[in-house]
Structures are given as structure tokens and as C-alpha cells.
Protein chains: 2
Amino acid sequence: MIQGYDPRTGRPAGEPVAETSDAGVDELVTAAAAAARAWEMTSPFTRAEVLTAVAAALDEHSAELAELADTETALGAARLTGEVARSTGQLRLFAEVLHDGGFLDVAVTEADGAGTPDLRRISRPVGPVAVFAASNFPFAFSVAGGDTASALAAGCPVIVKAHEGHPRTSVATGAVIARALADAGAPAGVFGMVYGVQAGARLLRHPALAAAGFTGSARGGLALQRICAGREVPIPFFGELGSVNPVVILPGAAASRAQEIAAGYAGSLTLGAGQFCTNPGLLFVPEDEGLLDAIAAAVTASQGGPMLSERIHDGFEAAVRELASCAAVKPLATGHPGEGPWSATPQVFHVGLDEFAAGLPGLATERFGPAGLVIGYRDPGELVAVLAGLGGNLAGCIHLDSAREQDRAAATRVMEVFSHTTGRVVCNGWPTGVAVAWAQHHGGPWPATTAPAYTSVGAAAIRRWLVPVVYQNWPPILLPSGLRPGSRPLMAP
Amino acid sequence: MIQGYDPRTGRPAGEPVAETSDAGVDELVTAAAAAARAWEMTSPFTRAEVLTAVAAALDEHSAELAELADTETALGAARLTGEVARSTGQLRLFAEVLHDGGFLDVAVTEADGAGTPDLRRISRPVGPVAVFAASNFPFAFSVAGGDTASALAAGCPVIVKAHEGHPRTSVATGAVIARALADAGAPAGVFGMVYGVQAGARLLRHPALAAAGFTGSARGGLALQRICAGREVPIPFFGELGSVNPVVILPGAAASRAQEIAAGYAGSLTLGAGQFCTNPGLLFVPEDEGLLDAIAAAVTASQGGPMLSERIHDGFEAAVRELASCAAVKPLATGHPGEGPWSATPQVFHVGLDEFAAGLPGLATERFGPAGLVIGYRDPGELVAVLAGLGGNLAGCIHLDSAREQDRAAATRVMEVFSHTTGRVVCNGWPTGVAVAWAQHHGGPWPATTAPAYTSVGAAAIRRWLVPVVYQNWPPILLPSGLRPGSRPLMAP
């Protein structure tokens, strides 16, 4: 049984949810495989309508879902209601993607009479997809999240492995989605859910599964990736793992906007009790007393909060203890503790750049929660080599005073590093907050993700679930309709 | 030392080539990593000019390269000269791809004032790429092949691991490429070569390597993939492995074009002594005496030839012996033996559909060389389930009489299977012959390739070597030039 807990009290929240049996997993995958053909053959316009209907149903139940999720995550009604809206926004973005048609990646080479045949390429859905939900976004990276939305849009059946952190929220969300899909005429079997770690592993090993998406810890993700790679027929695994998201404050920005930067940092660091893969784990600042004082003040004033689970809380405490035990690392500031037994208290430490570099890779480890390491540098020119040694991250941020030539020059050099070591390079902003948008790329070099060419947020997330196939020399009448000469890949119904 | 052999005699061909030392490998990768930045920063137009210059240099040396390759591969001057032209055609296609600019995958979302920031996505080269050359295409899938061309086009330095089957051809081709690159102003280090299996493994393990491409056997490819996955920082491995490329002859086609089909089959099966990953290993035909007789006659008249190496020859003989030892499998026809000790004689066997299905997966194993299995069926309706059980292949072919309704209906059902189990579905043609073209897709589900979303032939082959990065809220002056508002991703120099 999977028991949810109220992070504010550490006590059980509601009734436990049953784990899915082996037979139950097999049944769901078999149903998904049986539904795959029918779902693939629906027109993109029909799938867009179905996704829009799912979005509407989730919006309709937003308040009750957010309320339920709050009992299991303590993330607060405002954040959770906003997150439902983010999830339904994602479903609607993929409806747009389906209308656009570019996702089909159609290409045509006409026969040239000199040996080149007629070639017409299009993408097809890869098949049934497993989605491993994350704990820290009970909607936007969970049952109703971007992996589910993008895979359904691609024409793939989806089986979600629910996260143990919010079992009843998962059940309730899944029920809304399943009902909306059925009402909108989607084939039975196109959406299913499994509960429990063992069920998740069995799901990944099922021969009919075609791909998997995951958002979560590096340890969990790498274990699942090994399962995917070790199958008789290996399948692609798209894992978005941990990240420390380095932020660089350049001297001009520190001099002109110390208060604003300090407030922004404390806000980004402590948002959602720091439980974001985009948390600003490393902050590089000039050794400037004004800025350090401002940061210390902002963090001291900041508020902690209950973490999602006892395991996450214990992991955070251990990571902070380990950081604090390094001789070169000094405490800079501590915020207010939050509510309950699993509360994380914001804590920020300080270290010099040379000592930081000497402590790599350990000092650049992700500490999931509101713990920050502020690294003081003397000359921005020293940063490049250190930043280049950090490994892959989801985001890298640079704060500059763009009116100052020296800041611009330094920003260009740091941007050059981040362009090769992160998936998103942010100007004068913080890594938290990943807009759901056409041009978004939420990914990054290993170990930020297991598949750096792909994104889990934004329109391109659909590409994870598509495989090309080319048709050679077919008479028009036998070609898939969108590939016939003179036709457009998408024809309105 | 790596000794090439003349397949026509089995005797050494020329002097051996030295294996690359560990220090030599490290030096090349270090030089490649040092060149990466400069090569990435060249404009796509400049890289197009460089690739065109390399193509011109190879064309200039075509006759001597083909002559040399013939002494190591016995593939014949005509085929080899044609293959050099194919390789230079590939280089020129990627020059076009660079001018087109679509490979940069630029996307822009403008800030909406309501929370969505300005997002501008572009792709960057992944970094130094290892290319593992194949034996059976000493030019088009070797030193000067599509992996090299597409990776250089993407802006990646390339280090080729030469194939042991044609060491002197590799040296000579590499020298032409290196000289042309230097003359065209490409940075030193952008192209290198290593020799020997141990050097190849060290190359893959080097921390500065970013990705690898491979064409060859499933066994070799999977071993290299494990090395890539087991690195401290895993890197993508794009392997194009074996394939049996099922071909289905529908009853109408068999009745109306038996002679033409038999001739086409024998030609495709024995082309290059059958040493193609696109060899038609499985031919499904109606149990029609006319067609079977025609096939037997065409194969009996066909000519074998020397295989590329003793190892390949021994593997072929063993595979044929194993096939012949199956009780249900009967010899159908044998062609003429070729020249020399490593010659492969075309051999075709026959089996009924039910017996074939009972003998899976063994009977669908790749037999590299001119060995074919003809599977007789009674009703095209029986084919679908058997074909769906074959696993991934690079190509699937369907021969039909498109004037006959029954053939069209059956073709549609078989096409539906091949659309999900192969990368290329061919109408009234043979799997051999993969056109170098914009819309080409030379890939397929596992085990045909290790990365079914990608192709190793055609314009999209460049995607293997690119990684996206998105820039958030940057002032125009600090953005990469092609991403500035109002600019086009590519600006002519």
C-alpha cells in the first residue's frame, strides 16, 4: 500500500492506495498496445480536441485537485492552483502543436529521373510510453504533466507510474483525465496508471513498452535508465535529473542592484522550499561586502517550509551537514524554519573561488532544497575555467549591468561556457520558472539529463515520442494521405 | 600492425599500417577538443566551402583511391569509383544543408508581457565526434563517409577509427581530406584518424569525446555502445547495425512480373557479394511455381565474388551452414562461385511460412553475404502477424501490381506493419541502394539501429551531432548574431 503523508504534520493523509499487481501492470500495457493503432490513426486535429477537453476537465476540477494535493505536498493552494493551470496550458500548447503540423517532420525528395527515387518522410508515434511522475510538481511533472501531454499529442498511449509522494492526488487526477478522454472518444487503453516501485520496474520491462520519460533524482533516473538499456529490446529513456544551475553575478550588476539581486536570489532559492530541479544551487558573486551583506539579510528574512517527504527532508539535512563540514565553507545566513517535522530551513554558505574549485566535484553536488553555496570571486576572468568544469546543468544565469562594457565582455565569455554546459542561458533572471512556450528548451548536458538533444518542456518535447519513416516510390493512392503529391501534411477535418 | 589483404588471393596487400598508440589517440582527441571552438565559430557558409573543397579533392583523386581500394576490397573499379562520387555527393549535400540553415532548428518565442520571457533557441555542435568506419563501403561509410561529412558540417571535429579491412585506402583517403581541410583553412585538429581496435576503444573512452557514429555488425556495435554508456559521462552512440530487410512479393506482382522480380532479387542479393546492410535477406513469395522457378534460374545464373575479409567469409559460411541444417529449410538454388579463397557463392533456400514462423527468431538472423531465404505463403493475410514479429529492419519492400485491388489491399496492410518495424518502406523496389537525398531516412527500430529516431544517410544525419540551447531575455546586442530580433539565422558572408 502507498500511504501519502501531510508534510505539515508528518502524519498519514487519507487512506493508502493499493500498489498495482504484476498482472495489473501487464493488463494495462496490453491495453495500451491494443489502443496504439487507433490512437495513432486519429487525425492530429482530433487529438488536439481531445487534449483540449482534458485541459477543460482539469480546469474544472482545479480547486478540488489543488486542495487534495496540498494535503499531500503542503505546497499551498496558490502554487498548486497555478500548477494545474500550467498543466492545462501545456495540454493546450500541444493542441496548437498538433494544428501546426511541423512535429510530423515531413520531407519530400521528388524522383529526379537520374536514380534518385521519390522519397517522402513523416514521423510516427513510437508506441506506448511510460511516464514516471515527479514528487515536486504534483501536476505539471506528474500524472497530468508535460510528458503525458506530449506523448498523447504524439499519438502514443501513456501509462503513468504515479509518485509515492502524492498517491491520492494521482488517483484523482488520473480519474479526471480518464473520464475526459473517454468522453472525448479516445480509445480505451490510451491512458493508464500504475502504483508502486515494483510496478514501475515491471512497466519499464514490458516488451510492448516503447519509450519512457522521467523527472526526478539522478539516482532514481539512472537506475531506470539501466532497466531500459538492459531490456531484450532497449528503449529510449528521457530522464531529466538533478541540476545545480550556476548563477553568476557580474561586478556591475552587484554594484548597481545588490538589493534586487539579493531579494531575487533568496526568492528563487526558497521557492517551494527549494524543491526545484532549477534551484539556484551555486551563486558566483564578486567578493563585495555590500552584496554579501544584502544576500545574508535576504536569506535571514526568508522562510523555510515543510518538504515533500521524510526521505527528501533527511536527504536535505544530510547534504547540508556535509556541506557545512567542509573546512573552507562558512555559514553565511540561515532563514526561518518552516512548519512541521520535515521542514527545511533556508541555509546559505560562502566559499572562495579557489577553495570551491579545489572542492569539485563534491561542492557542486545538488542539494535538493533551500540550500545555497555562494562562491566569491575577485576577477570575472577567473570564472570561466571553474564554470567549464561544473558538468551539465539545466540552466545557467548571468546578471550584468548591460550599460557597462566590462560586464558585457565578461557576460559574453560566461555565456560561451553556459552555451556548452547548460540547456538554457538566462540574462538577469533566475533559473526557477520554466515558461511553457514554443521555443523553450528544458534540458541540458549529462548529468542534467540523460538525453541532451531533447527537452521536457515546450513544443519540442513531443519529439521524444516520434520516429521517422520514409516511403520510397509509392503511387500516390497508397501513400499516407498527408504525403501525397500536392497534399499538405495536415488536412483540416 | 594492421595488414590489408587482397580478397582475390587472400595474400597481404601492400605494407601494414601501424596501430595508433594510447598517447597518439590522446593527442588527437586533445587537438580535436582544442579545434572545436574555432570550427564551431566558423559560419555555416565557410564550412560549406570547406566541405565542397574536400569533395573536389576526393573527386580529383577518385581513380587512384578506387584503384587502391580495389586491392584491399575487390569490390571493382566501377563500384568503387561510383562510391567515391557518392561520398563527394554527400559532402556537397551537407554544403547545401549548411546554406539552408534549417539544421540550426531556430525557434523564437517573444516575451508576452504576461510572464513568458523572450526565448530564442538554436542548436550547437555537440563536440568532438568519433566515426567508426565500416568495411563494406570503403568510401561512403568509411573515412570520407556520411558520418564524417555530417559531423564536420555540424561544426564538430571528427576522429575516424579506420576499419581494419582497408587500412591503406583509409590512410590515402585521410591524407586527401586532411590536406584539403588545411588548404581550405579549417583549423588544425578538426580531423584525425586512429588505427586499431584498442585505439578505437580508447578514443570512445576519452573524456573530451562527445558522441560517436558507427556502421557495422550488431555485435561490434553493441560492444561500442556499452563503452559509451559506461563512461563517467555517457555519450550518445549512433549505431547502424545489421538488418534482414524483408521483401514481400504480392500475388499480382508474382503473376505479372515473375521474371523481372526474379532478376531484381538475384541482382540485389548478390550485389557487392551481398555485403550490404540493406541486403534482401528474407523474400516472402506466394507459393507459385512460376516465380520460384524464375528465382531459382536467376540465382543459378548469378555470380559470387570474393568477400571483404577471411572473418566475413567464415561468418558467411557458418551462417549458411546453420541455415541449411534446419530441417524445414530446403536449398532452392546456388549461383556461381567467385574468385579466390574468400569467395561467397550465392545460395538461396526455401521454407514455408508456418515453418519460418516456428523457426523465429533464428531464421530471421542476418547472414552477411549473398544468402537468401525465400518464404512461401499461401494467403497474403497470413503475412502480417509473421512480419510484425521480425523486429526492426532498415528497409521493408513490397512488390505489387497496383492495378489489382487485392494487391493494393494487401500492400496497405503490409505497409502498415513495415511503417512500424522498418525505417524505409519501398514500393516495387529492392532494399539495396539508399539514395543520398534531403528526405532520406536510413535507420530503423532496434536492432537495425541503436537510435531509431536518427538517420545515417540524408540531410537529417546532421541532427545526430547537434544539441539545442535556449537564450532567455538577452539584450539583442549580446545574442548570437542569428538570434537577434529581425535577423535571419543565417546571414550570407
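Q: Hi! Starting with Cys397(A): is this residue buried or exposed?
A: Hi there! Cys397(A) is buried, its relative accessible area being 0%. Keep in mind that we are looking at a predicted model.

Q: Got it. Which cysteine sulfur is closest to the one in Cys397(A), and why is there no bond?
A: The closest cysteine sulfur belongs to Cys427(A), and at 9.7 Å it is too far for a bond. A disulfide has to have its two sulfur atoms within 2.5 Å.

Q: How many disulfides does the structure hold over all chains, then?
A: The count over all chains is 0.

Q: And over in chain B, what about Cys228(B)?
A: For Cys228(B), the closest cysteine sulfur is in Cys156(B), 14 Å away, so a bond is ruled out by distance. Cys228(B) is buried too, with 1% relative accessible area.

Q: Switching to helices. Which residues make up H6 of chain B, and what length should they span?
A: H6 of chain B covers residues 167-183, which is 17 residues. At 1.5 Å a residue the helix should span 24 Å, and its end C-alpha atoms are indeed 24 Å apart, so the two values agree.

Q: Nice. Which of its residues are buried?
A: In H6(B) the buried ones are Pro167(B), Thr169(B), Ser170(B), Thr173(B), Gly174(B), Val176(B), Ile177(B), Ala180(B) and Leu181(B). As background, an α-helix has 3.6 residues a turn, so residues three or four places apart point the same way.

Q: What covers them?
A: The cover for the buried residues of H6(B) includes two helices of chain B, H2 (44-60) and H3 (62-73), along with strand E7 (191-194) of that chain.

Q: Can we zoom in on Thr169(B)? What is it in contact with?
A: Sure. Thr169(B) lies in helix H6 of chain B and is buried, with a relative accessible area of 0%. Setting aside neighbours within four places in sequence, its contacts are Leu65(B), Leu68(B), Ala69(B), Glu72(B), Pro138(B) and Phe139(B).

Q: And what follows H6(B)?
A: Gly185(B) follows H6(B), and its phi is positive, near 90 degrees.

Q: New topic: how many aromatic pairs are there over all chains?
A: There are 16 aromatic pairs over all chains. One of them joins Tyr5(A) and Trp342(A) edge-to-face, at 6.1 Å centre to centre and 65 degrees between the planes.

Q: Where do those two, Tyr5(A) and Trp342(A), lie?
A: Tyr5(A) lies in strand E1 (residues 5-6) of chain A, while Trp342(A) is in the loop between strand E13 (330-334) and strand E14 (343-344) of chain A. The pair therefore ties together parts that are 337 residues apart in sequence. Tyr5(A) is partly exposed at 34% relative accessibility, whereas Trp342(A) is buried at 8%.

Q: What about Tyr5(B) and Trp342(B)?
A: Their ring centres are 6.1 Å apart and their planes are at 65 degrees, so Tyr5(B) and Trp342(B) form an edge-to-face pair. Tyr5(B) sits in strand E1 (residues 5-6) of chain B, and Trp342(B) in the loop between E13 (330-334) and E14 (343-344) of chain B, so this pair ties together parts 337 residues apart in sequence. Tyr5(B) is partly exposed at 35%, and Trp342(B) is buried at 7%.

Q: Last one: which residues cluster with Phe137(A)?
A: Phe137(A) forms one aromatic cluster with Phe141(A) and Phe276(A). The charged end of Arg79(A) also sits over the ring of Phe137(A), 4.8 Å from its centre. In chain B, Arg79(B) lies over the face of Phe137(B), at 4.8 Å from the ring centre.

Note on methods: Residues numbered from 1 in each chain as written. Chains lettered and ligands numbered in written order. Predicted model: local features only at pLDDT ≥ 70, side-chain atom pairs only at ≥ 80, totals over all residues. Heavy atoms only, no water. Buried < 20%, exposed > 50% of the residue type's maximum accessible area, 1.4 Å probe, protein only. Helix = DSSP H or I, 4+ residues; strand = E, 2+ residues; numbered from the N terminus. Expected span 1.5 Å × (residues − 1). Contact = heavy atoms within 4.5 Å. Phe/Tyr/Trp six-rings, centres within 6.5 Å; stacked < 30°, edge-to-face > 60°. Lys NZ or Arg CZ within 6 Å of the ring centre and 35° of its normal.
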